[in-house]
Structure formats: structure tokens, C-alpha cells
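Reader: I would like a close look at a single part of this structure, namely the helical packing in the later portion of the chain. Please take me through it step by step, with the residues on each side of the helices and the ring contacts between them.

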Amino acid sequence: MKTQTGLMMFAAVLIAACSGEQPAAEAPAAELAAPAEPEAAELAATRPDNDPITALCRDMMKSRSAEECECATRAFRASSEDAGTYGEMARFYLNDTDPETPLADRWDEVVNVVLADVPGSKLEKSNALGKAHREALKSCES
């Protein structure tokens, strides 16, 4: 957004310079500022169907309904302080791993990349997050 705004201002100055007119006074920064993007957790709370955790549930647990996965996402995000990390893991799994690779190998890649800087056992962290997600899913069974 900043690049677009800067380019538009630059273009206006060039047009004014070529036409011999004085460029308009620069608008105050507050007027040019883009509206704040909602945090991922805010988006998840309002649109769980677009949440990567919901998409992960639908991808890995094909027998679960969309409603169950959406419910589990809400429950998981409400109960886990690591929901953001798990969301990043889900996003990486869905967007940056090869779907032709076996699930366990894909998930190992997710753990190694997303949890690379997490102290302690990455496998324990991943297992704890997965367990919390499954528990949230159980609370939403139809």
C-alpha cells in the first residue's frame, strides 16, 4: 500500500512538473495511512471457514464436516495461547508442502521449518498442538 501511495504521489508530481503547475500540497500522513489490517486471530474469530486451521482440519480429517472443523477452530483458538503458531503450521502445510508427499513427511517438514526457532522438542510442541486441536474437534462432534 505504501508503495502504491508513493508511486501515485510521484506520478502526480511528474504530471504537475510537465504541465508547469505547482504540485498540490502533500496530504497529511494520517489521511494516506491504510486502514489497519485485522489480526489473524480477529479474522479467525469472524471467518473460521477461511482460517488455515479449519482448512487443515478439512484436508487431514476428511470425515469431519465443515461445521465441525469451524467449531473446532473457534474452540482451539479460544483455548490455546499457541493458536497463532499452529495457524502458521497449518498455512505452511497447505501452501508450501507437496500434496504428493506422504502426510507424515509433509508434517515433518512443517515442524522443521515453522518450529525451527522454538526451544525444546519440536516434536513435543507439534504433538501438544495437534492433541489440543483434536480435543477441540471432539467437543464439536455432531
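Author: What follows begins with the chain as a whole and then turns to the helices of the later portion, one after another.

The model is a predicted one, and its protein chain holds eight helices and zero strands, so that the order of elements from the N terminus on reads α-α-α-α-α-α-α-α. Of the 142 residues in the protein chain, 27% are buried. Where contacts in the protein chain link residues at least 6 apart in sequence, 55% of them join residues at least 24 apart. The accessible surface of the protein chain amounts to about 9500 Å², and carbon and sulfur atoms account for 55% of that surface.

Helix α8, which covers residues 122-138, is a suitable place to start: its 17 residues reach 24 Å from the first C-alpha to the last, close to the 24 Å expected at 1.5 Å a residue. The buried residues in α8 are S126, L129, G130, H133, A136 and L137. Because these residues cover an arc of only 120° around the axis, they lie on the same side of α8. The general geometry of an α-helix is in keeping with such a pattern, since there are 3.6 residues a turn and residues three or four places apart therefore point the same way. On the other side of α8, by contrast, E124 and K138 are exposed. As for the partners of this helix, the buried residues of α8 pack against α4 (52-60), α5, α6 and α7 (103-114).

Helix α7, one of those partners, has 12 residues and reaches 16 Å from its first C-alpha to its last, close to the 16 Å expected at 1.5 Å a residue. Within α7, the residues R106, W107, V110 and V111 are buried. They are placed on the same side of α7 because the arc that they cover around the axis is only 140°. The cover over the buried residues of α7 includes α4, α6 and α8.

Helix α5, another element against which the buried residues of α8 pack, has 14 residues and spans 20 Å from its first C-alpha to its last, close to the 20 Å expected at 1.5 Å a residue. The buried residues here are E68, C69, A72, T73, F76 and R77. These residues cover an arc of only 160° around the axis, which means that they share the same side of α5. E67 and A78 are exposed, and they are carried on the face of α5 that is turned away from its buried side.

Two positions connect this region with the end of the chain in space. E68, in helix α5, is a charged residue by name but has a relative accessible area of 9%, and because buried means under 20%, E68 counts as buried. Its C-alpha lies 9.0 Å from the C-alpha of S139, although E68 and S139 are 71 residues apart in sequence. S80, in the loop between α5 and α6, is likewise buried, at 16% relative accessibility. From S80 to H133 the distance is 9.0 Å, C-alpha to C-alpha, with their positions 53 residues apart in sequence; H133 is itself one of the buried residues of α8.

Helix α6 adds a glycine to this picture. G87 lies in α6 and is buried, with a relative accessible area of 1%. Beyond its neighbours within four places in sequence, G87 is in contact with P52, I53 and R77, and R77 is among the buried residues of α5. G87 and A55 are 9.9 Å apart in space, C-alpha to C-alpha, and 32 residues apart in sequence.

The aromatic rings bring several of these helices together. The count of aromatic pairs comes to three. F76 and Y86 form a tilted pair, with 5.0 Å from centre to centre and 50° between the planes. This pair links distant parts of the chain, F76 being in helix α5 (residues 66-79) and Y86 in helix α6 (residues 83-96), 10 residues apart. Both F76 and Y86 are buried. F76, Y86, Y93 and W107 form one aromatic cluster, and W107 is among the buried residues of α7. At Y93 there is a further contact, for the charged end of R106 sits over the ring of Y93, 3.9 Å from its centre; R106, too, is one of the buried residues of α7.

Notes. Residues numbered from 1 in each chain as written. Predicted model: local features only at pLDDT ≥ 70, side-chain atom pairs only at ≥ 80, totals over all residues. Heavy atoms only, no water. Phe/Tyr/Trp six-rings, centres within 6.5 Å; stacked < 30°, edge-to-face > 60°. Helix = DSSP H or I, 4+ residues; strand = E, 2+ residues; numbered from the N terminus. Buried < 20%, exposed > 50% of the residue type's maximum accessible area, 1.4 Å probe, protein only. Lys NZ or Arg CZ within 6 Å of the ring centre and 35° of its normal. Expected span 1.5 Å × (residues − 1). Arc of directions from axis to C-beta. Contact = heavy atoms within 4.5 Å. Areas by Shrake-Rupley, 256 points an atom, 1.4 Å probe, with all protein chains shown as cover.
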